[in-house]
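Trainee: Please take me slowly through one part of this model, starting from a single turn of the backbone and working outward. I would like each term explained where it comes up.

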Amino acid sequence: MTQPVLEARKLIKHYGHVLALDEADFTAFPGEVVALIGDNGAGKSTLVKTLVGAIRPDQGEILVDGAPVHLASPLDARGYGIEAVYQDLALAPDLDSAANLFLGRELYAVPFVRVLNRRAMRQRAVAAFAELGIELPDVGTPVGMLSGGQRQSIAVARAVAFASRIIFMDEPTAALGVVQRGRVLDVIRRVRDRGVSVVLVSHNMPEVLAVADRVEVLRMGRRVATYTAAQTSVDELVGAMTGALELTNGGQAQ
């Protein structure tokens with residue numbers, strides 16, 4: 001059986017008297033798109049934050065390639081090839097796409113001399129965008145002048161450029177139009193085809209079924225079911241999220 005690239009086992013997280021994660025489990029395998037779904041308050045954001053090192057669980061275990069790891073910060077997670085793309089994208093609107101791709105990881109012309117190697121960054125940015133099929137009018141254009149879909153694609157490309165194992169994407173199409181959503185979903189497929197796993201956090205069930213290979217359902221702080229995307233439906237996923245339907249047709253109780 002294939003070894004999971006990332007796994008959470010029985011994670012517990014309290015915020016005061018509120019139990020956000022109640023022995024939550026999660027599994028992502030190499031080269032797959034796995035959707036993480038759940039109603040508001042199900043614990044999705046807390047689970048993702050623990051898996052990218054933004055918060056520490058009170059109890060439980062996180063494993064990378066089968067080995068337990070301690071993620072004390074997002075920098076620790078990056079060291080294991082784990083990246084995240086959040087809804088706010090964390091882009092600098094006055095900088096161009098090449099500068100945003102290397103934001104915080106700039107290339108310098110001479111080691112230890114803080115003179116940016118803009119030419120190298122531009123060349124690598126052009127290659128990175130082309131590899132993912134991202135079309136931009138000019139990599140020198142400030143990202144604040146680009147469309148929402150183009151900005152989202154740049155944020156994804158930045159994560160892909162530095163992620164060797166897995167990328168978390170939080171509602172990547174929430175503020176986009178139909179055409180732009182389609183382009184972002186296509187980029188997600190291209191990332192998967194490169195062998196990098198993608199965790200898609202989304203409320204859009206048709207999009208989940210369109211792009212995901214597998215779906216994990218979170219309810220009340222714990223994983224309650226997993227589905228093979230090709231063997232389930234929107235109604236079944238919503239029923240699992242709310243507890244309204246019994247698990248059938250490929251759903252597996254946890």
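**After a helix, and outward from there**

Mentor: Helix 8 is followed by Gly243, and the phi of Gly243 is positive, near 80°. Helices here are DSSP runs of H or I with at least four residues, strands are runs of E with at least two, and both are numbered from the N terminus. Keep in mind that this is a predicted model, in which local features need pLDDT of at least 70 and side-chain atom pairs count only at pLDDT 80 or more, while totals for chains, interfaces and linings use all residues. Residues are numbered from 1 along each chain as its sequence is written, and side-chain values use heavy atoms, with hydrogens and water left out.

Helix 8 itself spans residues 234–242, and within it Glu236, Leu237, Gly239, Ala240 and Met241 are buried. Buried means under 20% relative accessible area, exposed means over 50%, and partly exposed is in between, as found with a 1.4 Å probe and protein chains only. The cover over these buried residues includes strand 3 (33–37), helix 7 (205–211), strand 11 (214–219) and strand 12 (222–228).

Helix 1 also has a glycine just after it, since Gly53 takes a positive phi of about 80°. Six of the eight residues of helix 1 are buried, so this helix is largely enclosed by the rest of the structure. The buried ones are Lys44, Thr46, Leu47, Val48, Thr50 and Leu51.

Lys44 deserves a closer look, and it belongs to helix 1, which covers residues 44–51. Although Lys44 is buried, it has no salt bridge, and the nearest side chain of opposite charge, that of Glu171, is 6.1 Å away. A salt bridge is a side-chain nitrogen of Lys or Arg within 4 Å of a carboxyl oxygen of Asp or Glu; for charge, Lys and Arg count as positive and Asp and Glu as negative, whereas His and the chain ends are not counted. What the Lys44 side chain does have is a polar atom 2.8 Å from the backbone oxygen of Gly38, and it also reaches the backbone oxygen of Asp39 at 3.3 Å. Such polar contacts are pairs of N or O atoms within 3.5 Å; within protein, one atom must be able to donate a hydrogen and the other to accept it, and residues adjacent in sequence count only if both atoms are side-chain atoms. Leaving aside residues up to four places away in sequence, Lys44 touches Leu36, Ile37, Gly38, Asp39, Val201, His203 and Leu218, where contact means heavy atoms within 4.5 Å.

Glu171 leads back to the backbone. Most residues other than glycine have a negative phi. Glu171 nevertheless has a positive phi, near 45°, and it sits in the loop between strand 9 (166–170) and helix 6 (178–193). With a relative accessible area of 13%, Glu171 is buried. Asp65, which is not a glycine either, has a positive phi of about 50°; it lies in the loop between strand 4 and strand 5 (67–69) and, at 39% relative accessible area, is partly exposed.

Lys44 has no salt bridge, yet a search of the whole structure finds 17 of them. One joins Glu61 to Arg9, with their closest N and O atoms 3.9 Å apart. Glu61 is in strand 4 (residues 59–64) and Arg9 in strand 1 (residues 6–15), so this pair ties together parts that are 52 residues apart in sequence. Both ends are partly exposed, Glu61 at 31% relative accessibility and Arg9 at 37%. Another salt bridge links Asp138 and Arg122, with the closest N and O atoms 3.2 Å apart. Because Asp138 lies in the loop between helix 4 (118–131) and helix 5 (148–162) while Arg122 is in helix 4, the pair ties together parts that are 16 residues apart in sequence.

A further salt bridge brings together the side chains of Arg192 and Asp193, at 3.4 Å from N to O. Arg192 is buried, with a relative accessible area of 18%, whereas Asp193 is exposed, at 60%. Elsewhere, salt bridges that share partners join Glu32, Arg214, Glu216 and Arg223 into one network.
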